[in-house]
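Hi there,

Here is the structure I promised to pass on to you. My notes on it follow below.

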Amino acid sequence: MLKALRGTKDILPAEMGPWLLIEQYARDMFPLYGYKEIRTPIIEEASLFSRSIGEYTDIVKKEMYAFSDRGGRTIALRPEGTTSIVRAYLENSLSQGQGLVKLFYIGPMFRSERPQKGRQRQFHQLGIEAIGSDNPFLDVEVIAVAVRFLEKIGVKDFCLRINSLGCKKDKINMIEKTRQRIKDYVDSLCGECQERYKKNVLRIFDCKRDSCREAIKDVTFETVLCDDCNEHFNAVKEGLERIRLAYVYDPKVVRGLDYYTKTVFEITQEDLGAKDAVSAGGRYNNLIKELGGKHTPAIGFSFGIERLILALERHSMALKSPPNIFILTTGPALYKEAFMVMDVLRRRGISCDIDYQNRSLKAQMRNAERSNVRFAVIFGDEEFCKNKVILRDMEKREQKEVELKDIVDEINREVAEKVPKCY
Ligand code: HAM
């Protein structure tokens, strides 16, 4: 039997609930902060990613799906969203007439990693990018969007860790200092980290091997920032405190992509363990210039949607598929009336369905129960003779008779609040 590729997954209808919920909350919430949706292609020229993410990063060196197309161009499946957004920003002159451009995106990304819980080869990101300002309050806003979103969808026990990598000069200093500090531990590191020590020493902190993590766990790390970057970082921390966003300063948050400068952050969650972040982001003040634009500071983050869902799994409330209404009838004679009610409900934005298989009432009820239906409207012969139907609350297992002429209003009044509108 043909199977989905390793590290990729079908998202089945029964699993769609949290996906829709997360996407809908994002589309409702991000515009409140001024972010507008953008969709970019899944394929790009591979060189775009090596220039932005960095040639020696794991993402580009080991994980990027790159191939030659029929025209001999080297194409890559995008491993992340930021680079494509910046390309689109430059190509479409999105900055024209606007100081700051705020965008959000939702879509699949591809990295050839070893699949495990919360790590796939095709995964989905939900992210925002704010391009055009170095104001530290923008950093606070971007971090606040991430944290408030997690609160809104009901993720608990998460930890926000922040750091500043400083400007280009600070980063070079930091790389040099880190190299000196790690020097004595190099022999205990894996072969890859020994290579990283030479070419990209900060990436050692991203190594997922326990032995490497153990070897460098005592390496003290102190970020020395220039006055400007220090002031910026202090303003970010103060801003977070002002709006009561709890954070931990963690100098080991150095991020796995080369484009970062100044503020960087990661959000981890207890259920996922500390290795894999549910969300990560930071400033990338030099990237737009490096990709051919004017100097334009920018900041953003992205969530991994699969990880958001894992983080939510303990809190089953938020994961329930949207409840709806099932219409049950004792036979085709009552179908026409039932169909009219269903049509009105759907036009009012209340999701409902009916049995098309002429099954017994008992079988229809079993089906309604299995499908997690919240309410059932039963068109029974006996009640129908009295111009009535039964409205059954499937969760409370309570039911009452309602006049047929009142059923839509009754559902609207009593039920509509508990049943989400169709999107
Ligand atoms: P990243 O840390 O590489 O950053 O990925 C962001 C998030 O994507 C991670 O925190 C994780 O939740 C999710 N993720 C990454 N790889 C996988 C995977 N293989 N399977 C499942 N989830 C995964 C970026 O991509 C940056 N573009 C974030 C950013 C936006 N920085 C500024 N703006």
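The shell of residues around the ligand splits into 10 nonpolar, 10 polar and 7 charged. Please keep in mind that this is a predicted model. Of the 27 residues around the ligand, those that come nearest are Glu 80, Thr 82, Glu 113, Arg 255 and Tyr 260. Three strands, β6 (122-131), β10 (279-283) and β11 (298-304), each contribute at least two residues to that shell.

You will probably want the polar pairs at the ligand, so let me list them:

- Arg 255 places a polar side-chain atom 2.7 Å from an oxygen atom of the ligand.
- Ala 277 takes part through its backbone, with an N or O atom 2.9 Å from a ligand oxygen.
- Gln 125 has a side-chain N or O atom 3.0 Å from an oxygen atom of the ligand.

How much of the ligand does the protein bury? On its own the ligand exposes 650 Å², and the protein buries 96% of that.

Arg 255 deserves a second look. This residue is found in the loop between β8 (248-249) and β9, and its phi is positive, about 70 degrees, although it is not a glycine. Its relative accessible area is 10%, and because the cut-off for buried is under 20%, Arg 255 counts as buried. Lys 262 also has a positive phi, near 50 degrees, without being a glycine. Lys 262 lies in strand β9 and is buried, with a relative accessible area of 9%. You may like to check both backbones in your own viewer.

On to Asp 276. Where is Asp 276 placed? It sits in the loop between β9 (261-269) and β10. With a relative accessible area of 8%, Asp 276 is buried. Its side chain makes a polar contact of 3.1 Å with the side chain of Arg 119. Apart from neighbours within four places in sequence, Asp 276 is in contact with Lys 117, Arg 119, Lys 208, Thr 268 and Arg 307.

Tyr 105 is another residue with plenty to report. Its place is in strand β5 (residues 101-110), where it is buried at a relative accessible area of 4%. Which side chain does Tyr 105 join in a polar contact of 2.6 Å? The partner is Glu 129. Once neighbours within four places in sequence are left aside, the contacts of Tyr 105 include Ile 38, Gly 81, Ile 85, Leu 126, Phe 301 and Ser 302. Two residues already mentioned at the ligand, Thr 82 and Gln 125, are also among the contacts of Tyr 105. Measuring from C-alpha to C-alpha in the model, Tyr 105 and Glu 23 are 9.9 Å apart in space and 82 residues apart in sequence.

Now for the nonpolar interior. The largest nonpolar core has 47 residues, and Ile 182, Leu 189, Ile 204 and Tyr 284 are the ones that touch the most other members. Ile 182, setting aside neighbours within four places in sequence, is in contact with Leu 189, Tyr 197, Val 201, Ile 204, Phe 205, Ile 216 and Val 219. There is also a second, separate core of 44 residues, and Trp 19, Phe 104, Phe 265 and Ile 309 are among its members.

One more buried residue is Ile 153, in helix α5 (residues 136-153). Its relative accessible area is 2%. The C-alpha atoms of Ile 153 and Asn 372 are separated by 20 Å, with the two positions 219 residues apart along the chain.

Finally, some values for the chain as a whole, in case they help when you set up your own work:

- The protein chain has 16 helices and 16 strands.
- Along the principal axes, its C-alpha atoms fill a box of roughly 85 × 50 × 50 Å.
- Of its 423 residues, 52% count as buried.
- Its accessible surface comes to about 21,700 Å², and carbon and sulfur atoms account for 49% of that.
- Of the contacts between residues at least 6 apart in sequence, 68% join residues at least 24 apart.

Have fun with it, and write back whenever you like.

Best wishes

Notes:
Residues are numbered from 1 along each chain as its sequence is written. This is a predicted model: local features need pLDDT of at least 70, side-chain atom pairs count only at pLDDT 80 or more; totals for chains, interfaces and linings use all residues. Side-chain values use heavy atoms; hydrogens and water are left out. A nonpolar core is a set of buried Ala, Val, Leu, Ile, Met, Phe, Trp, Tyr and Cys residues joined through side-chain atoms within 4.5 Å. Buried means under 20% relative accessible area, exposed over 50%, partly exposed in between (1.4 Å probe, protein chains only). Contact means heavy atoms within 4.5 Å. A residue is near a molecule or strand if one of its heavy atoms lies within 4 Å of it. A polar contact is a pair of N or O atoms within 3.5 Å; within protein, one must be able to donate a hydrogen and the other to accept it, and residues adjacent in sequence count only if both atoms are side-chain atoms. Accessible areas come from the Shrake-Rupley method with a 1.4 Å probe; for residues, only the protein chains shown count as cover. Ala, Val, Leu, Ile, Met, Phe, Trp, Tyr, Cys and Pro count as nonpolar, Asp, Glu, Lys and Arg as charged, and the others, Gly among them, as polar.
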